[in-house]
Every structure is written in structure tokens, then in C-alpha cells.
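Visitor: I should like to take a close look at a single part of this model. Please begin with one pair of residues and then place that pair in its surroundings.

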Amino acid sequence: MLHKSLLFTPGPLSTSLTVKQSMLKDMGSRDHEFIDAVKDIRNGLLHLAKVSKEDGYESVIIQGSGTFAVESVISSVVGEKNKLLVLANGAYGERIAKMAGMHKLNYEVLRFDEDTVVTPEATAQFLQQHPDISHVAGIHSETTTGLFNPIEAIGAVCKKYGKVFIVDAMSSFGGVAMDMKAMQIDFLVSSSNKCIEGVPGFAFALCRRTELEKAKGQARSLSLDLFDQWAGLEASGQFRFTPPTLSLMAFRQAMRELEEEGGIPARERRYKTNKQVLDEGMEALGFKPYLKPEIQGHIISSFLYPADPAFNFERFYDKLNKRGFIIYPGKLSKANAFRIGNIGQIFPDDVKALLAGIKEVLEEENVSM
Ligand SMILES: *Cc1c(COP(=O)(O)O)cnc(C)c1O
């Protein structure tokens with residue numbers, strides 16, 4: 001039995017010992033120490049997105065997983081007289097469409113195949129044909145496959161047509177350099193347990209203040225009211241409802257460790273190195289990537305099942321699990337693939353150890369590649 005499990009998943013991720021240790025002290029939600037940490041986190045997040053309050057941006061923390069913050073934004077900022085366009089090429093785009101339906105928003109969905117990116121051209125054409133659209137929502141790193149949608153080019157289209165742009169950058173923020181202003185993003189959503197390498201418990205929305213203010217009084221639920229959540233944090237530095245205190249303390253430590261690593265550029269380099277080691281090793285073992293390399297991001301990679309019927313994903317997964325390597329099943333509608341994440345406290349030597357484990361399991365299972 002291994003003491004350590006390495007998570008090669010899109011989150012929750014492996015975290016450092018020091019991040020975990022920062023959760024050992026009980027913390028009241030009204031302690032000065034905690035309130036200071038929340039303030040540091042909110043400002044630090046804006047800094048990571050290369051914006052600030054002075055530039056007109058605000059940082060709102062929302063309890064729950066990443067989906068809660070996406071839903072908070074979608075259900076708060078799209079007003080009754082507005083219309084949302086959802087750009088979907090995977091499960092996370094579809095999830096936003098589902099939210100829009102449940103909250104009875106006016107919305108349209110522009111769909112692309114799972115193995116292709118959302119194009120700025122098709123987005124522009126759709127916006128020309130539907131001038132009543134006011135908001136556009138898209139996914140940066142579509143974790144279903146690991147592809148990167150061209151968010152900057154789509155942002156430019158949104159700007160050209162005067163649309164509010166909402167981006168789910170859940171699995172990429174912190175692991176990909178992003179300038180929210182340059183990318184014309186009005187609302188950027190991510191969570192505590194992805195590339196900033198904290199533990200689960202909360203998510204956050206970075207918001208252009210002028211758009212956030214328009215959300216006043218139009219939320220469709222109490223707990224996910226983005227404007228009220230922000231107003232509460234601004235007024236007292238406190239949350240309206242019980243915050244995940246220890247997860248926030250861990251996150252502040254994780255942000256310090258990100259800084260010590262050399263900030264987002266250094267983390268992006270580490271993840272890219274992980275991906276390169278993984279790609280080369282998987283190719284040498286005979287695995288084929290699901291996506292074309294030019295659209296595959298460096299956050300999570302999809303690989304097709306080997307053609308040999310001796311390959312059984314459940315057994316492959318379990319045997320890797322017993323060796324301490326947690327990989328991720330696929331979520332594709334049309335192809336059999338599994339995923340391996342390059343993010344979290346994972347280093348090139350860990351990827352090499354995973355590759356050695358995969359080789360062993362394939363041999364044990366007599367899978368010919
Ligand atoms: C992880 C993730 C989410 C949020 O998932 P939760 O399970 O709610 O944390 C949303 N979008 C993308 C692209 C993700 O990778």
C-alpha cells in the first residue's frame with residue numbers, strides 16, 4: 001500500500017504538504033486573521049488576472065465547487081431582458097446551457113464538435129444573425145477533452161459586437177498566463193482546487209465592476225446572488241453564509257507557493273514540461289492522442305483506448321490506482337478515451353513514474369499496442 005497517491009486528474013489535485021498543514025488551526029469566520037486572509041486572496045486573484053480594483057475589476061468568492069460560481073454568474077448577470085449565447089464543444093459548455101435552461105434565461109447554444117475548437121468566425125456570424133444577444137459564455141480549457149478554445153479571439157469578437165463575455169477558465173486559470181483586460185473578459189470563473197493548487201471548497205468570479213453592478217437585484221437564487229455576495233464582502237470583509245474557512249487558509253498558502261515557484265509563467269512551464277514528458281512517453285508506449293496537437297492544451301490530455309480488446313479501462317484504472325496513480329476516465333460522447341492531467345503538485349519525475357506504471361499494467365494485462 002502506497003502512502004502517497006498522485007492525482008493525474010483535472011481536480012481536485014495533488015497539493016503540497018504545507019498547503020494541507022495550513023488547515024490544522026481552527027479558524028472562526030470573524031477572526032481578524034481569517035478576514036485578512038480573505039482580503040489577501042481577493043486582491044491576489046485580481047493580480048493573477050493582471051487587473052486591479054483601480055482598473056475597475058472585483059473579486060467575488062463563492063462557497064461550493066466551481067459549478068456554483070459559474071451558476072452564480074450566469075443566473076445573476078443575465079437579466080430578464082438579456083439573452084445569453086453559450087458556446088459549447090464539450091460537457092462544461094453543455095453544463096452552462098443546462099443552467100440557462102433551469103433558470104429560464106433567454107438563451108441560444110452554438111455547438112461545435114468535441115474535437116474542434118469554437119471559432120471566432122462562427123461566433124461573429126451567429127452574433128450578426130442574432131443581434132438580441134447581450135452576453136456570451138464560453139469555456140477556455142474544455143476539460144472534456146483538454147482542448148483550448150481561442151478565448152482571446154472570441155473576446156475580440158464580443159468586444160466588436162458589444163457583448164458581455166463570461167469565461168469558464170476553471171481548469172486553466174493559474175496554469176496559463178491570462179490578462180483579463182487584454183482578453184476582453186468581463187467575468188472570469190475558476191476554483192480553489194485547480195491550477196492554484198488549493199483544496200476544494202470554493203470558487204471565485206473576477207468581474208468587471210460596471211457589469212457586476214448591473215446584476216443588483218436580478219439574481220434567481222439567494223445563495224448564488226453574485227451582487228449580494230460581493231456587496232457583503234465589500235461591506236464587512238465577511239461572507240453572508242458560512243465560509244469554508246480552512247479551505248481559504250489553504251488557498252492563501254497555495255497562492256504564496258505559486259508566487260515562490262515564480263508565478264503563473266513558471267507554473268505554466270512546469271505543466272508544459274509534464275505534458276511533454278507524458279506525450280513522449282505515451283507515444284513510445286503506442287497510445288494515440290484523441291485531439292490534434294495544435295488544439296490540445298497543456299492542462300489535461302486525452303488518449304484513445306488501445307485497439308486490442310484485451311484493454312479494459314476499469315482494470316487499467318484500478319491497477320494504476322493500486323500503484324498510487326489516479327487517472328481520469330473519459331467523458332466523450334463519440335469516442336473511447338481516458339484523460340491524464342498534467343496539473344497540481346506533479347513534477348516530471350512523477351509523470352515518468354506514472355508512465356512506468358502504465359507500461360507495467362499493459363504488460364500484466366497482455367495488451368498489445
Ligand atoms: C472543474 C471544472 C468545472 C467545475 O467543476 P466542479 O466539479 O463544479 O468543481 C467547470 N468547468 C471546467 C472547464 C472544469 O474543468
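Which residue in β14 does Ser 302 stand opposite?

Guide: The model shown here is predicted. In it, the residue that faces Ser 302 is Arg 339, which belongs to β14. Ser 302 itself lies in β11, the strand that covers residues 300-304. Strand β14 is made up of residues 337-341. Five bridges link β11 with β14, and the two strands pair in the antiparallel sense. In general, strands of a sheet pair through backbone hydrogen bonds, and the arrangement may be parallel or antiparallel.

The pair of strands belongs to an open sheet of three strands, whose order is β11-β14-β13. The pairing in this sheet is antiparallel. Its edges are formed by β11 and by β13 (328-329), each of which pairs on one side only.

Let us now place this sheet within the chain. The chain is divided into two domains: domain 1 consists of 6-12 + 263-364, and domain 2 consists of 18-259. The C-alpha centres of domain 1 and domain 2 are 27 Å apart. Domain 1 gives 27 residues to the contact between them, and domain 2 gives 31 residues.

A second sheet offers a useful comparison. Seven strands form this open sheet, in the order β2-β10-β9-β8-β5-β3-β4, and here the pairing is mixed. The edge strands are β2 (57-63) and β4 (107-111), and each pairs on one side only. From one strand to the next, the twist averages 20 degrees. Within this sheet, β3 (residues 84-88) and β4 run parallel and are joined by five bridges. Here Leu 87 stands opposite Leu 110 in β4. Helix α5, residues 120-129, lies across β3, β4 and β5 (135-139), and the helix runs at about 150 degrees to β4.

Finally, the model contains a ligand. The residues that surround the ligand include Ser 65, Gly 66, Ile 139, Asp 168 and Lys 194. A polar atom in the side chain of Ser 65 is 2.5 Å from an oxygen atom of the ligand. Gly 66 places a backbone N or O atom 3.0 Å from an oxygen atom of the ligand. For Asp 168, an N or O atom of the side chain lies 2.6 Å from a nitrogen atom of the ligand. Taken alone, the ligand exposes 380 Å², of which the protein buries 85%.

Notes: Residues numbered from 1 in each chain as written. Predicted model: local features only at pLDDT ≥ 70, side-chain atom pairs only at ≥ 80, totals over all residues. Heavy atoms only, no water. Pairing = 2+ DSSP bridges. Helix = DSSP H or I, 4+ residues; strand = E, 2+ residues; numbered from the N terminus. Axes fitted to C-alpha atoms, helices over the stretch in contact; angles between N-to-C directions. Contact = heavy atoms within 4.5 Å. Near = heavy atom within 4 Å. Polar contact = N/O pair within 3.5 Å; in protein donor to acceptor, adjacent residues only side chain to side chain. Areas by Shrake-Rupley, 256 points an atom, 1.4 Å probe, with all protein chains shown as cover. Domains from an automatic or database assignment.
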